[in-house]
Amino acid sequence: MQAWYLVHTKPRQEERALDNLQRQGYPCFLPQVPVERMRAGRRIVQPVALFPRYLFVQLRTDGQGLSWAPIRSTLGVTRLVTFGAQPARVPETIVAQLQQQVAELSAAPQPLFQPGQTVRITQGPFAGLEAIYQMPDGEERAIVLLTLLQRECRAALPLAQLRAC
C-alpha cells in the first residue's frame, strides 16, 4: 500500500528537491500554478509553488520499496514532515483534489494585477504616484486610474512601470 507524505524543502529549492527525488525513483507531486511576472521589462508566465518549501512524496507503507532514509539527505530537502516521531501522512483525497485544481489553474495563468488593485508607478513623469489598476491594454500596457489635481484621470502606461503596492 502506498501513501502520500509531506517533504519540507530548503528555501526556493522545491524544483531541485523534486528533480533529485524523482531521479532516485520516488513518485512526487509539486503543486505549481502559472503566474504572470515582470522580468527585464517584459511580462512572462512563470510556474510558482502553491505551497512554498513543500512537496508531496509517495512511499510504500508496508516496508517494501524505497527506503525513507535517502529522502533526508537529498539535495534541496530539509526533512520529512513529522508529528512527533511519525511522518505526516496526507490523505489520498487531498492530493487528488490538489492535482485536479492545479490542472484547472494551469489552463489560465494568474494575472499580474487584478482590477481595483493599488499599484505604484516606478518610472516616467508619474513616478512615485499610486494608481488603481483598471485593465490590460494590449500585451505591454495597462490602463490605470490616477488622481491628479483632485480629479481622477485614466492613463495608459507600460506594465514595466507598475509595481504592486
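Let's start with a strand pair. Strand 12, residues 141–148, and strand 13, residues 151–158, pair in the antiparallel sense over 8 bridges. This is a predicted model, so please hear everything that follows in that light. The two strands form a hairpin, with 2 residues between them. Look at the turn. Leucine 149 sits there, with a positive phi of about 50°.

Now pick one bridge. Which residue in strand 13 is the bridge partner of alanine 142? That partner is leucine 157. Leucine 157 belongs to strand 13. Is leucine 157 buried or exposed? Its relative accessibility is 7%, so leucine 157 counts as buried. One distance to go with that. Leucine 157 and glutamine 123 are 34 residues apart in sequence. In space, C-alpha to C-alpha, they are 9.8 Å apart.

Next, the other hairpin on my list. Strand 3, residues 32–39, pairs with strand 4 in the antiparallel sense, over 8 bridges. Strand 4 covers 42–49. Here too the strands form a hairpin with 2 residues between them. Alanine 40 is in the turn, and its phi is positive, about 55°. For a bridge, take glutamine 32. Opposite it stands alanine 49 in strand 4.

Stay in strand 3 for a moment. Glutamate 36 lies there. What does its relative accessibility of 16% make it? Buried, because the cut-off for that class is under 20%. Where does the side chain of glutamate 36 reach? To the backbone nitrogen of leucine 112, at 3.1 Å.

Close by in the numbering is glutamine 110. Glutamine 110 is in the loop between helix 3 and strand 10. Its relative accessible area is 45%, so glutamine 110 is partly exposed. Compare its position with leucine 80. The two residues are 30 residues apart along the chain. Their C-alpha atoms are separated by 30 Å.

On to the aromatics. A pair of rings is described by the distance of the centres and the angle of the planes. How many aromatic pairs are there? The count comes to 3. I'll show two of them.

Begin with phenylalanine 29 and phenylalanine 56. The ring centres are 6.0 Å apart and the planes are at 20°, so this pair is stacked. The cut-off for stacked is under 30 degrees. Phenylalanine 29 is in strand 2, residues 28–29, and phenylalanine 56 is in strand 5, residues 54–60. The pair therefore ties together parts that are 27 residues apart in sequence. Buried or exposed? Phenylalanine 29 is buried, and phenylalanine 56 is too.

Then phenylalanine 113 and tyrosine 133. This aromatic pair is tilted, with 45° between the planes and 5.5 Å centre to centre. Which parts of the chain does the pair link? Phenylalanine 113 is in the loop between helix 3, 92–106, and strand 10, 118–121. Tyrosine 133 is in strand 11, residues 130–136. They are 20 residues apart. Phenylalanine 113 has a relative accessible area of 6%, so this ring's residue is buried. Tyrosine 133 is buried as well, with a relative accessible area of 6%.

Two backbone oddities now, both arginines. Arginine 12 has a phi near 55°, a positive value in a residue other than glycine. Where is arginine 12? In the loop between strand 1, 2–9, and helix 1, 14–23. At 76% relative accessibility, arginine 12 counts as exposed.

Arginine 53 also has a positive phi, near 75°, and is likewise not a glycine. This residue lies in the loop between strand 4 and strand 5. With a relative accessible area of 29%, arginine 53 is partly exposed.

Both arginines turn up again in the pocket. Rolling a probe the size of a water molecule over the atoms shows where empty space is left. The largest pocket holds about 190 Å³ of space. Which residues line the largest pocket? Among them are Pro11, Arg12, Glu14, Glu15, Pro52 and Arg53. The lining also includes Gln32, Gln46, Pro47, Val48 and Ala49. Helix 1 and strand 4 are the elements that give two or more residues to this lining. Strand 4 has the largest share, with 4 residues. By type, the lining divides into 5 nonpolar, 2 polar and 4 charged residues.

One link back to the hairpin. Gln32 and Ala49 are both in that lining, and glutamine 32 stands opposite alanine 49. That's my tour.

How values were computed: Residues are numbered from 1 along each chain as its sequence is written. This is a predicted model: local features need pLDDT of at least 70, side-chain atom pairs count only at pLDDT 80 or more; totals for chains, interfaces and linings use all residues. Side-chain values use heavy atoms; hydrogens and water are left out. Rings of Phe, Tyr and Trp (its six-membered ring) pair if their centres lie within 6.5 Å; planes under 30 degrees apart count as stacked, over 60 as edge-to-face and the rest as tilted. Buried means under 20% relative accessible area, exposed over 50%, partly exposed in between (1.4 Å probe, protein chains only). Two strands pair if DSSP finds at least two bridges between them. On a 1 Å grid over the protein atoms alone, a cavity is a set of points where a 1.4 Å probe fits but cannot get out, and a pocket is an open set with protein on both sides within 12 Å along at least five of seven lines; lining residues have an atom within 4 Å of a point. Grid points are joined across faces, edges and corners, and a volume is the space filled by probe spheres set on the points. Ala, Val, Leu, Ile, Met, Phe, Trp, Tyr, Cys and Pro count as nonpolar, Asp, Glu, Lys and Arg as charged, and the others, Gly among them, as polar. A polar contact is a pair of N or O atoms within 3.5 Å; within protein, one must be able to donate a hydrogen and the other to accept it, and residues adjacent in sequence count only if both atoms are side-chain atoms.
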